[in-house]
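Biologist: Could you take a close look at one stretch of this chain for me, the one you find richest in local detail? Please tell me how it sits within the rest as well.

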Amino acid sequence: MDEGRDRPPDEAPEDLAKEISDGADRDGRRIAVVESLTGGLVSSDLAAAPGSSEWFRGGVVAYDRTTKHGVLGVPDGPVVAEPAVRAMAESAAEMFGADVVVAVSGAGGPDPQDDQPPGTVWFAVSDHGTTDAWVKRFPGDPPDVLKATRIEALHALREHTAAAHAD
């Protein structure tokens with residue numbers, strides 16, 4: 001159940017954020033983030049990138065399930081699931097007026113969450129109204145899962161900012 005593209009796990013977050021910045025700046029894309037598991041790490045990476053005040057619209061850290069349901073319109077049910085991350089990404093796109101949004105929600109461990117084993121992370125990217133979602137299973141302890149989730153989210157944003165240039 002490891003969908004999505006295989007991406008190098010060891011790229012530096014600041015390098016990925018710089019590439020996202022270059023693509024967003026070049027194409028005038030506005031980017032936002034919704035994070036649960038990562039608790040703001042991805043937003044921090046983007047905010048530190050050059051020129052972020054021009055393209056980074058903001059982020060929501062929705063760690064608690066009541067916040068996800070109440071603020072982001074996540075449907076009733078599990079929050080470590082495809083419908084949850086889709087709703088998170090789509091709500092944030094509207095909330096921030098963003099062109100591209102990445103959302104993450106997962107079971108970092110050491111215990112399961114929503115009947116999902118530790119290391120299970122759902123991702124969604126909303127890009128101009130089209131939302132794609134995928135799941136990954138990352139090995140390791142919670143810090144390892146957080147690091148891998150952060151890198152995967154940044155890779156996804158980089159793909160979507162680079163894709164705009166190819167269009």
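Modeller: Happy to! A word on naming first: helices here are DSSP runs of H or I with at least four residues, strands are runs of E with at least two, and both are numbered from the N terminus. Please keep in mind that this is a predicted model.

The stretch I would pick starts at D99 and runs on through strands 3, 4 and 5, but let me set the scene with the whole chain. The protein chain holds six helices and five strands, and from the N terminus their order is α-β-α-α-β-α-α-β-β-β-α. For a chain of 167 residues, a compact globule would be expected to have a radius of gyration near 15 Å; the value here is 14 Å, so the two agree. The C-alpha trace extends over about 40 × 35 × 25 Å along its principal axes, and 50% of the residues count as buried. If you take contacts between residues at least 6 apart in sequence, 64% of them join partners at least 24 apart. UniProt, in an unreviewed entry, lists residues 14-159 as "domain: CinA C-terminal". That span is 45% helix and 23% strand, and its end C-alpha atoms lie 15 Å from each other.

Now to the stretch itself. D99 sits in the loop that leads from helix 5 (82-96) to strand 3. Its relative accessible area is 10%, and since buried means under 20%, D99 counts as buried. Who surrounds D99? Setting aside neighbours within four places in sequence, its contacts are G28, R29, R30, S126, D127 and H128. For a sense of scale, the C-alpha atoms of D99 and L146 are 25 Å apart, with their positions 47 residues apart in sequence.

H128, one of those contacts of D99, is worth a pause of its own. H128 belongs to the loop between strand 4 and strand 5 (130-137). Its phi is positive, near 50°, although the residue is not a glycine.

Going back along the chain, we come to the loop between strand 3 (100-106) and strand 4, where P110 is found. The peptide bond joining G109 and P110 is cis, with omega at about 5°. The loop between strand 3 and strand 4 also holds D115, another non-glycine residue with a positive phi, here about 60°. D115 has a relative accessible area of 79%; exposed means over 50%, so D115 falls in that class.

G109 also brings us to the second largest pocket, as it is one of the lining residues. This pocket has a volume of about 170 Å³. Its wall is made up of S36, L37, Y63, R65, K68, G106, A107, G108, G109 and Q113. Sorted by class, that lining comprises three nonpolar, five polar and two charged residues.

Next comes strand 4, which spans residues 120-127 and includes W122. W122 has a relative accessibility of 10%, under the 20% limit, and is therefore counted as buried. Twelve residues further along is W134, and the C-alpha atoms of these two tryptophans are separated by 5.9 Å.

How accessible is D132, over in strand 5? Its relative accessible area is 40%, which makes D132 partly exposed. Beyond four places in sequence, D132 touches R86, F123, A124 and V125. T66, on the other hand, lies 24 Å from D132 by C-alpha atoms, at a sequence separation of 66 residues.

For a point of reference outside this stretch, try D45 in helix 2 (residues 41-47). D45 counts as buried because its relative accessibility is 10%. Apart from residues up to four places away, D45 is in contact with P13, A17, R150 and L154. The C-alpha atoms of D45 and P13 are 6.5 Å apart, with 32 residues separating the pair in sequence.

If you want a short tour to follow on screen, begin at buried D99, pass the cis bond between G109 and P110, look at exposed D115, and then go on to buried W122. From there, H128 with its positive phi and partly exposed D132 round off the visit.

Conventions
Residues numbered from 1 in each chain as written. Predicted model: local features only at pLDDT ≥ 70, side-chain atom pairs only at ≥ 80, totals over all residues. Heavy atoms only, no water. Buried < 20%, exposed > 50% of the residue type's maximum accessible area, 1.4 Å probe, protein only. UniProt positions renumbered as here; feature names shortened; annotations may be inferred. 1 Å grid on protein atoms, 1.4 Å probe; cavity = no way out; pocket = protein on both sides within 12 Å on 5 of 7 lines; lining within 4 Å. Points joined across faces, edges and corners; volume = space filled by probe spheres on them. Nonpolar A, V, L, I, M, F, W, Y, C, P; charged D, E, K, R; others polar. Rg over C-alpha atoms; globule rule 2.2 N^0.38 Å. Contact = heavy atoms within 4.5 Å.
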